[in-house]
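User: I would like to go through this model in a few short questions. Please give the reasoning before each result.

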Amino acid sequence: MWYHKPVINEELLQSLPNLKVVASSGVGIDHLDLKLLSSYGVKAANTPYIVSTDTADLGMALMLASSRRIVEGHEMAVSPDTEYFPADWLGAEVSGATLGIVGMGTIGYKVAERAKAFEMKILYHNRNQRNKEEESAVGAVYCKKIDDLLQQSDFVLLAVNLTPQTRKLIGKRELELMKPTAILINISRGLVVDQDALVEALQNKVIKAAALDVTYPEPLPRDHPLLKLKNVIITPHIGSATKKTRWVMMEEMAESIQAGLAGLPVPREVL
């Protein structure tokens with residue numbers, strides 16, 4: 001499966017009686033009905049670890065681009081209408097700012113490692129607290145309540161899996177808890193954010209800006225209001241989109257398929 005296609009539903013499973021394994025690219029499995037697959041004796045596998053480094057890199061890239069208004073700056077610099085660069089055209093500092101990471105799994109932790117080099121104060125909210133050694137290595141402080149993280153952070157970065165619990169995790173209430181100078185960065189799944197509430201928050205300056213590698217749907221309708229806002233950067237779900245990583249993802253999917261067909265333990269099986 002690539003980009004969640006084909007759709008693995010009961011109709012497809014009934015038409016493929018010899019199906020042994022489904023290998024899905026990337027880390028997210030919200031598009032797979034694991035109980036349904038199991039009822040047909042089909043195993044599922046993904047590629048969860050290889051994508052983490054590139055996705056963390058993109059998270060930092062979006063943070064830097066949105067804070068320093070890179071896209072707007074480029075448009076100004078190349079515009080045929082530009083006669084001078086205004087002195088009051090300013091961005092926000094990243095170094096020394098507070099980063100709140102929602103979801104401190106492999107990707108979230110790699111973002112924290114990168115943010116440490118920028119001397120950022122790092123807060124995180126997670127289902128489970130990391131051990132003291134891991135926290136100390138990046139200088140991260142655990143927030144048991146997400147509200148505490150939202151209220152204190154200059155940047156809020158989302159790196160959670162999409163589950164029933166995280167669907168629209170960030171909505172109107174959560175956005176209103178954030179600083180009016182804060183920037184929201186989403187490298188997880190579009191449905192983690194209530195998109196209508198985000199549009200309203202950006203239009204009304206409840207938060208300063210957003211940088212999104214994910215939306216719902218993907219791509220957005222060409223008349224969607226998010227596409228018209230100056231304080232939004234959107235990239236086309238490219239967290240893992242480097243040549244090396246995509247090549248390794250393909251290799252890992254092939255390994256899982258070969259193992260499943262041979263009746264061997266499936267590497268990276270999703271249980």
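User: Which residue of β7 does Phe155 stand opposite?

Analyst: This is a predicted model. Strand β6 covers residues 155-158 and strand β7 covers residues 183-186; the two run parallel and are joined by four bridges. Within this pair, the residue of β7 opposite Phe155 is Ile183.

User: Which strands are the edge strands of the sheet?

Analyst: The open sheet has seven strands with parallel pairing, in the order β5-β4-β3-β6-β7-β8-β9. An edge strand pairs on one side only. That applies to β5 (140-142) and β9 (232-234).

User: What angle does the direction of helix α9 make with that of β8?

Analyst: Helix α9 spans residues 195-203 and packs on the sheet. It touches β7, β8 (209-212) and β9. The angle between the directions of α9 and β8 is about 140°.

User: Are helices α3 and α5 parallel or oblique to each other?

Analyst: Helix α3 (residues 52-67) and helix α5 (residues 106-117) pack with their axes 8 Å apart, at an angle of about 50°. Angles under 35 degrees count as roughly parallel, and 65 to 115 as roughly perpendicular. The angle of about 50° falls in neither range, so α3 and α5 are oblique.

User: How many residues in the contact of α3 with α5 are nonpolar, polar and charged?

Analyst: On the α3 side the contact includes Ala56, Asp57 and Met60, and on the α5 side it includes Ile107, Lys110 and Arg114. Asp, Lys and Arg count as charged, while Ala, Met and Ile count as nonpolar. The full division is five nonpolar, four polar and three charged.

Methods
Residues numbered from 1 in each chain as written. Predicted model: local features only at pLDDT ≥ 70, side-chain atom pairs only at ≥ 80, totals over all residues. Heavy atoms only, no water. Axes fitted to C-alpha atoms, helices over the stretch in contact; angles between N-to-C directions. Parallel < 35°, antiparallel > 145°, perpendicular 65-115°, else oblique. Contact = heavy atoms within 4.5 Å. Pairing = 2+ DSSP bridges.
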